[in-house]
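Reader: I should like to study the aromatic rings in this structure. Would you please show me the sequence and the model?

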Amino acid sequence: MNEALARPAVVSRISDLIGRTPLLELCRTETGSRLLLKLEMYNPTGSAKIRMARAMVDAAEQDGTLRPGGRIIESTSGNTGLGLAVIAAERGYTFTAVVDHHAAADKLRGMKALGTELVYVVDDGTEELATAAREELAEDMARGQDNTIFTEQHNNPANGVGYFPVAHELHQALGTIDVVIGAVGTGGMLCGTARELRKLAPDFTTVGVEPKGSIAFGGPAHDYYQSGTGTPEGAEIGALVDFDLIDEGVKVGDVEAFATARALARTGLLIGGSAGGVVHEALTRLPSLPPDSTMVALVNDGGEKYMDTVFNDDWMNARNLLDPAVEREIDEKLTKLRRN
């Protein structure tokens with residue numbers, strides 16, 4: 001194993017456990033094409049986003065905008081906030097997360113447990129996604145404050161840099177890759193991985209997935225329940241969404257995304273709702289790939305944070321998101337492919 005990618009047997013900080021996440025072969029076709037899942041829930045906090053949280057703090061320390069005893073402020077739907085909470089706790093910073101009630105409750109509880117100050121941009125209990133309002137408030141809170149930074153994940157170049165190691169991990173493990181597919185929210189994970197991977201193994205297709213209702217790949221805009229992904233109406237598409245690096249952009253609805261996550265749970269694997277959208281699109285594409293192709297789906301987080309939502313029948317039914325027929329269809333597709 002490449003020493004740079006090897007994890008020491010004993011570490012002294014939680015952040016030393018970031019990266020080197022496993023690849024799981026979910027299924028393959030009769031022609032030998034396979035779908036591999038890059039399981040980012042094996043990072044601390046159960047998400048890929050701690051990778052870029054660390055990179056953003058590193059960059060702020062290096063340019064002198066964040067000094068010992070400083071304060072970090074970020075607008076977050078949860079996973080970025082959890083990552084920043086860990087890094088802040090390790091390094092002695094105060095962390096303030098600007099949030100809304102669209103975020104999964106377990107993510108909010110997790111941030112608070114890690115010592116985060118939660119500031120709600122809207123505190124009337126509404127579940128609307130308030131990305132633009134959150135970012136405006138976070139920017140206002142940081143403006144003019146000494147030793148205080150708004151990490152601004154949607155436009156922070158360090159976000160993408162934080163995912164460069166993903167490319168090296170994939171290249172080391174696989175060499176040749178034909179398709180990389182992932183969710184597009186800030187754009188950091190998919191585009192950061194793709195940018196670096198093109199230097200190592202340039203001949204692959206990049207597929208970006210966003211929720212129906214998100215606007216990065218066009219309209220129409222409407223509300224959606226997949227959290228931590230997409231660009232809602234009224235929010236600017238982040239500077240890290242590099243359309244030159246995304247060969248195809250597609251949309252997956254909440255019903256299909258959540259049905260896929262629920263179907264995968266019955267195979268023993270818990271993934272998050274937006275990751276369900278990525279895997280749904282990957283399963284749709286897999287049978288049409290050329291023989292012996294390798295497709296890698298970037299699975300941003302696990303399903304443990306969505307017990308109150310995606311895996312809660314009452315919550316799903318109340319929002320008309322539960323569709324047993326779609327779940328059965330995905331169950332059957334998985335069963336067929338897993339027999340090959």
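Author: One term is needed at the outset: buried means under 20% relative accessible area, exposed over 50%, and partly exposed in between (1.4 Å probe, protein chains only). This is a predicted model, in which local features need pLDDT of at least 70 and side-chain atom pairs count only at pLDDT 80 or more, while totals for chains, interfaces and linings use all residues. Residues are numbered from 1 along each chain as its sequence is written, and side-chain values use heavy atoms, with hydrogens and water left out.

Reader: Is Phe-217 buried, partly exposed or exposed?

Author: The relative accessibility of Phe-217 is 23%. Buried requires a value under 20% and exposed one over 50%. Phe-217 therefore counts as partly exposed.

Reader: How is the pair of Phe-258 and Trp-315 classed?

Author: Rings of Phe, Tyr and Trp (its six-membered ring) pair if their centres lie within 6.5 Å; planes under 30 degrees apart count as stacked, over 60 as edge-to-face and the rest as tilted. The centres of Phe-258 and Trp-315 are 6.5 Å apart. Their planes stand at 50°, so the pair is tilted.

Reader: How far apart in sequence are the parts that Phe-258 and Trp-315 tie together?

Author: Helices (H or I, at least four residues) and strands (E, at least two) are DSSP runs, numbered from the N terminus. Phe-258 belongs to helix α8 (residues 254-265) and Trp-315 to helix α10 (residues 313-318). The pair therefore ties together parts separated in sequence by 57 residues.

Reader: Which residue joins Phe-258 and Trp-315 in one aromatic cluster?

Author: Phe-258 is buried, at 1% relative accessibility, and Trp-315 is buried at 13%. The cluster they form also includes Tyr-225.
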